[in-house]
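This report covers helix packing, strand pairing and one buried site. Please keep the model open while reading.

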Amino acid sequence: MPGPTGRVLTLLELLQSGGTRTVAELADRLGVEGRTVRRYVSQLIDLDVPVESVRGRYGGYRLSPGYRLPPLMLSDDEALAVLLGLAAGRRAGLTTTERTASETASAKIRRVLPKHIARRLDTLLSALALTDEPREPDRPDAEVLLTVADGVRHRRPVSVHYIDRDGRHSERTLHAYGIVAHAGRWYVTGRDDGMSEDRTFRLDRIATARALPGSFEAPAEIDTVQRLVSGFATAEYQHEVSLRIHGTPEQIRVHLPASVASLADHEPAAGGGPAAEHWIRVELRVQRLDWLPRVLASLDRPFVIERPDELRTLVDALSQRLAAYARQA
């Protein structure tokens with residue numbers, strides 16, 4: 001059984017897990033009487049840990065927000081989980097403009113890790129590889145990210161200073177529905193009040209953001225992820241591609257995800273036979289066509305190119321190169 005100091009630290013750990021803990025519950029967990037729990041709470045308060053008393057039938061003790069962060073106690077597994085999360089966030093580009101923040105946070109935790117845990121963590125990180133790592137991730141400002149997130153949570157309008165990809169500056173009032181992290185970038189989807197239409201903005205292009213008075217109603221059961229990826233699939237690019245592919249949506253999505261292509265059932269011609277019922281219409285808007293022939297080949301499904309003719313030429317050229325390679329001794 002730990003001594004009084006150990007039980008005080010255990011009490012702090014229990015309170016840090018969140019919620020209100022009754023005196024009876026704390027006494028049972030610590031193996032002491034209720035008056036001893038109260039004495040331990042007094043010791044925490046003397047150490048400037050902001051513990052507040054909650055009265056009533058379901059009352060007890062809980063931590064309240066204070067001017068000083070209470071000591072943070074993590075188990076070995078919790079410390080590893082935090083460090084792995086920080087490492088994965090950095091490698092995936094999901095950090096803010098304060099690049100050193102995750103590094104200094106990691107360093108603080110690593111300093112107090114037992115040596116055997118630190119060595120195992122180093123071994124894991126050296127062996128860890130992440131797919132789709134952005135080469136130069138675009139990081140949003142931390143204050144902008146938090147302000148927009150507050151607008152999403154409390155349905156408050158946010159005034160943003162936005163800089164588009166052409167360098168044009170504008171002031172916008174945004175009714176933010178949600179924040180999405182995708183491929184190393186942060187996005188916010190919502191309604192642009194000035195244009196009266198739903199838009200998606202890159203958070204790293206928002207220079208400043210400030211909360212406005214009032215509130216707004218968000219659409220019911222909004223799927224911000226689906227809005228983002230479907231927006232990518234229908235964005236304005238140089239080429240509009242239309243295909244018919246013989247297969248299931250699941251087979252096609254493996255190579256053409258929702259952020260790239262939109263799928264729709266193809267209406268077969270009258271008298272086309274049972275085989276005509278398995279064709280899917282696929283539409284894409286892309287800046288370049290040179291990668292599409294390889295994707296279509298990897299599908300290994302019958303397909304028809306409806307437009308553009310340039311894609312048909314590229315596919316034919318790829319097929320001739322593959323045939324020439326196959327004939328080589």
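## Helices at the N-terminal end

Helices α1 and α3 are roughly perpendicular to each other, and therefore fall in the 65 to 115 degree class (under 35 is roughly parallel, over 145 roughly antiparallel, the rest oblique). The axes of α1 (residues 4-16) and α3 (residues 34-46) cross at roughly 80° and come within 10 Å. Axes are lines fitted to C-alpha atoms, for helices over the stretch in contact, with angles from 0 to 180 degrees between N-to-C directions. Pro4, Arg7, Val8, Leu11, Leu12 and Leu15 of α1 meet Val37, Tyr40, Val41, Gln43 and Leu44 of α3 (contact: heavy atoms within 4.5 Å). By class, these residues are 9 nonpolar, 1 polar and 1 charged. Ala, Val, Leu, Ile, Met, Phe, Trp, Tyr, Cys and Pro count as nonpolar, Asp, Glu, Lys and Arg as charged, and the others, Gly among them, as polar.

Helix α2 (residues 23-30) packs on α3 at about 95°, with the axes 9 Å apart. That makes α2 roughly perpendicular to α3. From α2, the contact takes Val23, Leu26, Ala27 and Leu30; from α3, it takes Gly34, Val37, Arg38 and Tyr40. The split is 6 nonpolar, 1 polar and 1 charged.

## Basis of the model

The model is predicted: local features need pLDDT of at least 70, side-chain atom pairs count only at pLDDT 80 or more, and totals for chains, interfaces and linings use all residues. Numbering starts from 1 along each chain as its sequence is written, and side-chain values use heavy atoms, with hydrogens and water left out. Helices (H or I, at least four residues) and strands (E, at least two) are DSSP runs, numbered from the N terminus.

## The β4, β5 and β6 strands

Strand β4 (residues 169-182) runs antiparallel to β5, joined by 8 bridges (strands pair if DSSP finds at least two bridges). Gly178 has Thr189 of β5 as its bridge partner. On β5 (residues 185-192), 6 of the 8 residues are buried, so the strand is mostly covered (buried: under 20% relative accessible area; exposed: over 50%; partly exposed in between; 1.4 Å probe, protein chains only).

β5 also pairs with β6 (residues 197-202), antiparallel, over 6 bridges. Arg191 is bridged to Asp198 in β6. The β5-β6 hairpin has 4 residues between its strands, and Ser196 takes a positive phi near 55° there.

## A buried threonine

Where does Thr147 sit? Thr147 belongs to helix α7 (residues 142-154). Its relative accessibility is 12%, so Thr147 counts as buried. Leaving out residues up to four places away in sequence, Thr147 touches Val158, Ala209, Arg210 and Ala211.

## The four-stranded sheet and its helices

An open, antiparallel sheet of 4 strands runs in the order β9-β10-β8-β11. Strands β9 (261-265) and β11 (303-307) are the edges, each pairing on one side only. Neighbouring strands are turned by 25° against each other on average, direction ignored. β9 and β10 (residues 279-286) are antiparallel and share 5 bridges. Ala261 stands opposite Leu284 of β10.

Helix α10 (residues 292-299) lies across β8 (239-246), β10 and β11, at about 10° to β8. Helix α11 (residues 309-327) lies across β8 and β11, at about 140° to β11. The two helices, α10 and α11, pack at about 65° with axes 9 Å apart. Leu292, Pro293, Arg294, Leu296 and Ala297 of α10 contact Leu311, Leu314, Val315 and Leu318 of α11. That contact has 8 nonpolar, no polar and 1 charged residues.
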